Each structure stands twice: as structure tokens, then as C-alpha cells.
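I am opening a page for this protein chain. My plan is to look up the helices, the cores and the aromatic rings, in that order.

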Amino acid sequence: MSISKQLKAAAFASISAMGAFALAAGSPALADHHGKKAEQSQPNIVATAMSTGVHDTLVAAVKAAGLVETLSSPGPFTVFAPTDDAFAALPAGTVDSLLQPENKGQLTRILTYHAVAGNIDSATLAKAIREAGDTYEFATVAGETLSASFDGHAIVVTDGAGRQTKVVQADVMTSNGVIHVTDGVFLPG
């Protein structure tokens, strides 16, 4: 089965099983890939995001959307995690507005647009990009599509409106998935 079909199958299975949500962020965790004991010692997506110092806005958004429990579950999830600077680059007032209780649905849609079902590290994503002919499209937990390509050696993700965001740190491993830190926020088209 091709990487593309494996990723689509994993996404469908996770969406069917989990129902709806996922997102978070992180920073490098000490990664020891020597079995379950090491895996259990790694923090989950939410705990990792809370510890970075550059994902405070993302953590606040995950809490406001009620996604903490989902993102602390076994997953696995692949999360494209915008930094505080990425959120700060949005038009003035956007984040404050999204954090209001009456905008919870819109916030949840944006956050789940940053998550993919399954554990997809950068090597797997890079292989899928090459196999797809330099641009790989994939479904998010929100049911929207993102596309990935290369800009030199960096992976660039394009959202539904054509905005490009660079992965600035890949493969932050957590106990329930992998985080790819981004320099921008994806907004559905």
C-alpha cells in the first residue's frame, strides 16, 4: 500500500474512531526510542505544548475549545503547531475574538485544521511529497485539505486559501503523536 493510501486509511480510521478533534503543539522532548517504558516517560501533546514557552496562545486556544482531553488521549495525532509569534501575526483582535465562548465552534474548526490522524514524521511526509510529484494533499481532522511541498529542504504547508506556512521544527515526538512546529496559522479556505 502506498504512503498516500496508508495516510488516508489512518486518517479515516482515526476520524471514525475519535469523532472530531485534535490539535496541540510542542517542543523537543527527550526521545528515547527503546521501547514502551521510554514512550510512557514522554509527555503527551498537551503537556509538551505547555512546557515550550512559545505555544502559550495555542495552549489557551486548546483549553478554550475544550480539546485538552482529546489531545491527551492515546491518539496518535500529527499536529502542525503554530508558535505565539505565528498567532501574533494574525490581524489584530483575531485571537481575542476566537477565544470568546461564542466562537468555540470556529476555534475548534481552526485547531482541528492543524491536526492529522496518525503519527506522521517528517521522513514519511517527505516521502509522500516525492511520491505525489512534489505536492502532497492530505485530510485534516477537521475534514479540510492541506498540501505539503518543499521550499529548498524545508517542508511548506499550504492551507485552503493558498497561504503558505513553513515547518520550522519537525519531529517533536510525544507519547501520543508527533508535532511539527510552524511559523504560521492555517485558516480554512
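Before I start on the helices, I note how they are assigned: helices are DSSP runs of H or I with at least four residues, and they are numbered from the N terminus. With that numbering, I find that Gly66 comes just after helix 4 and takes a positive phi of about 75°.

I note that the model is a predicted one.

Entry 1, overall counts. I looked up the secondary structure of the protein chain and got nine helices and seven strands. The protein chain has 189 residues, and 47% of them count as buried. It exposes about 9100 Å², of which carbon and sulfur atoms supply 53%. I also checked the contacts with a separation of 6 or more: residues 24 or more positions apart account for 68% of them.

Entry 2, helix 4. I asked which residues of helix 4 (residues 56–65) are buried. I found Leu58, Val59, Ala61, Val62 and Ala65. Why do they sit on the same side of helix 4? They cover an arc of only 160° around the axis, so they share one side. The general background is that an α-helix has 3.6 residues a turn, so residues three or four places apart point the same way. I then looked up what the buried residues of helix 4 pack against, and the list is helix 3 (45–52), helix 5 (68–72), strand 1 (77–82), helix 6 (84–88) and helix 8.

Entry 3, helix 3. The buried residues here are Ile45, Val46, Thr48, Ala49 and Thr52. Their arc around the axis is only 160°, which puts them on the same side of helix 3. Their cover includes helix 4, helix 5, strand 1, strand 6 (164–174) and strand 7. I looked at both ends of helix 3. At the N-terminal end, Asn44 is the cap, with a side-chain oxygen 3.0 Å from the backbone nitrogen of Val46. After helix 3 comes Gly53, with a positive phi near 80°.

Entry 4, nonpolar cores. I looked up the largest nonpolar core, which has 25 residues; Val79, Leu111 and Ile179 touch the most other members. Two or more residues each come from helix 3, helix 4, strand 1, helix 6, helix 7 (94–98), helix 8 and strand 7. Which element gives the most to this core? Helix 4 does, with four residues. Another core, of 15 residues, lies apart from it, and Tyr113, Ala128, Ile155 and Val157 are among its members.

Entry 5, aromatic rings. I counted four aromatic pairs in the structure. One of them is Tyr113 with Phe186, edge-to-face, at 6.3 Å centre to centre and 80° between the planes. Tyr113 lies in the loop between helix 8 (104–112) and strand 2 (115–117), and Phe186 in the segment after strand 7 (177–182), so this pair ties together parts that are 73 residues apart in sequence. I checked whether these two residues are buried or exposed. Both Tyr113 and Phe186 are buried.

A further pair is Tyr136 with Phe138, which is stacked at 5.8 Å centre to centre, with 15° between the planes. Tyr136 and Phe138 are buried as well. I last looked up how the rings group, and Phe80, Tyr113, Tyr136, Phe138 and Phe186 form one aromatic cluster.

Methods. Residues are numbered from 1 along each chain as its sequence is written. This is a predicted model: local features need pLDDT of at least 70, side-chain atom pairs count only at pLDDT 80 or more; totals for chains, interfaces and linings use all residues. Side-chain values use heavy atoms; hydrogens and water are left out. Rings of Phe, Tyr and Trp (its six-membered ring) pair if their centres lie within 6.5 Å; planes under 30 degrees apart count as stacked, over 60 as edge-to-face and the rest as tilted. Buried means under 20% relative accessible area, exposed over 50%, partly exposed in between (1.4 Å probe, protein chains only). The arc is that of the directions from the helix axis to the C-beta atoms. Contact means heavy atoms within 4.5 Å. A polar contact is a pair of N or O atoms within 3.5 Å; within protein, one must be able to donate a hydrogen and the other to accept it, and residues adjacent in sequence count only if both atoms are side-chain atoms. Accessible areas come from the Shrake-Rupley method with a 1.4 Å probe; for residues, only the protein chains shown count as cover. A nonpolar core is a set of buried Ala, Val, Leu, Ile, Met, Phe, Trp, Tyr and Cys residues joined through side-chain atoms within 4.5 Å.
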